[in-house]
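Colleague: I have the structure open. Can we go through the helices and the unusual backbone spots?

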Amino acid sequence: MIPRRDVDFGLDPAAVPRDWAAGCPYATTMLAGLSLLFPEGERFFVDSVKQLRHEVDDPALREAIAGFIGQEAMHGREHRVLNDISAAHGHAEAAMVERRLRGLLDLARRVLPKRSQLAVTCALEHFTAILAENLLGDPRQQADLDPSVRALWMWHALEESEHKAVAFDVYRAAGGGYWRRATTMLYTTAIFFAVLGLVQARMMVTRRVLWKPWTWTRGVRTMWLYPAYFTRMVPAYLDYFRPRFHPNDRDTDALLARWRDALFGADGALVDRAAA
Ligand SMILES: [Fe+2]
Ligand SMILES: [Fe+2]
């Protein structure tokens, strides 16, 4: 079962430092940029699943779809709060980023067939699943997040991992095939990194660090060379191109059980913040 958890983080703008990821402007603008993409992006995911859910007969998958929709809606809501904090930190471009992304996704809604829209969702859900698995399993990445925002990211990671197969299973139930899935992943990867790169660069301009080579070297080293948070995800990314790939091929059950307990167990960090 995929539970919808109504968690109110009550993020306090005064408690969130400006560089809340690794104390580093490069890492912070990258994650804050990603967060800016979530509300509109996740709304697109939900819509693409909704438009094809009538193709699903399996009652278990129908129930999973309901859980998926509930979880993504909550993520959008809480990331908006974080995005407002970015705006309060001086990132006036946050609203413009959301507006432009909405325009891009509306274009995708108009020009892409429904199955391809869902294939875009499957591709991006694969990204979030890989990012989530890495964060959940790596204490160093967790420690890099400021305590004021850590629980938000851990909760989102937990739920991305919980529902990682839903869009994929709907895609298959709706008759989606391999070639569409693989080619969609290729162009979605290109567009996603172009968009994220532009958003991050824009935020680095505001943060006045775009032209500081030391910020770049340190950030690029951390992400791509050592500890290489991004580079080490490449094999998991490439796995998507196997014709018989399924998101559940990567067994994350034990990891999820541990985090469900840590966040929502009897002494969980978030039990008090989750509405019944
Ligand atoms: Fe999400
Ligand atoms: Fe998701």
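The exchange below takes the helices, then the backbone, of this predicted model.

Colleague: Is H6 largely enclosed or not, and how many of its residues are buried?
Modeller: Helix H6 covers residues 147-162, 16 in number. It is largely enclosed by the rest of the structure, because the buried residues number 12 of the 16. Among them are Trp 153, Trp 155 and Glu 160. The buried count asked for is 12.

Colleague: Which elements do the buried residues of H6 pack against?
Modeller: One partner is a strand, E1 (6-7). The others are helices. The full set is E1, H2 (59-88), H4 (114-137), H5 (139-144) and H11 (253-264).

Colleague: What span does H8 reach from its first C-alpha to its last?
Modeller: H8 runs over residues 178-206, which makes 29 residues. At 1.5 Å a residue, 42 Å is expected. The model comes close to that, at 42 Å.

Colleague: Which helices do the buried residues of H8 pack against?
Modeller: The buried set includes Arg 181, Thr 184, Met 185 and Met 204. Their packing partners are H1 (25-50), H3 (94-111) and H4.

Colleague: Are H1 and H3 roughly parallel or roughly antiparallel?
Modeller: Their axes lie 9 Å apart, at an angle of about 25 degrees. Angles under 35 degrees count as roughly parallel. The crossing of H1 past H3 is right-handed. The two helices are therefore roughly parallel.

Colleague: How many residues in the contact of H1 with H3 are charged?
Modeller: From H1 come Leu 36, Leu 37, Pro 39, Glu 40 and Phe 44. They meet Ala 94, Val 97, Glu 98, Leu 101, Arg 102 and Leu 105 in H3. The contact has eight nonpolar residues and no polar ones, and the charged ones number three.

Colleague: Where is the residue that follows H8 with a positive phi, and is it buried or exposed?
Modeller: That residue is Arg 208, with phi near 60 degrees. It is not a glycine. Its place is the loop between H8 and H9. With 11 other C-beta atoms within 10 Å, Arg 208 is exposed.

Colleague: Which peptide bond is cis, with omega near -5 degrees?
Modeller: Most peptide bonds are trans. The loop between H9 (213-225) and H10 (234-238) holds Pro 227. The cis bond runs from Tyr 226 to Pro 227.

Colleague: What exposure class does Ala 228 fall in?
Modeller: Ala 228 is also found in the loop between H9 and H10. Its phi is positive, about 60 degrees, although it is not a glycine. It has 13 C-beta neighbours inside 10 Å, so Ala 228 counts as partly exposed.

Methods
Residues are numbered from 1 along each chain as its sequence is written. Chains are lettered from A and ligands numbered from 1 in the order in which they are written. This is a predicted model: local features need pLDDT of at least 70, side-chain atom pairs count only at pLDDT 80 or more; totals for chains, interfaces and linings use all residues. Helices (H or I, at least four residues) and strands (E, at least two) are DSSP runs, numbered from the N terminus. The expected span of a helix is 1.5 Å times one less than its number of residues. A residue is buried if 20 or more other C-beta atoms lie within 10 Å of its own, exposed if 12 or fewer, and partly exposed in between; C-beta atoms are placed from the backbone. Two residues are in contact if their C-beta atoms, placed from the backbone, lie within 7 Å. Axes are lines fitted to C-alpha atoms, for helices over the stretch in contact, and angles run from 0 to 180 degrees between N-to-C directions. Angles under 35 degrees count as roughly parallel, over 145 as roughly antiparallel, 65 to 115 as roughly perpendicular and the rest as oblique. A crossing is left-handed if the near helix is turned anticlockwise from the far one by less than a right angle, and right-handed if clockwise. Ala, Val, Leu, Ile, Met, Phe, Trp, Tyr, Cys and Pro count as nonpolar, Asp, Glu, Lys and Arg as charged, and the others, Gly among them, as polar.
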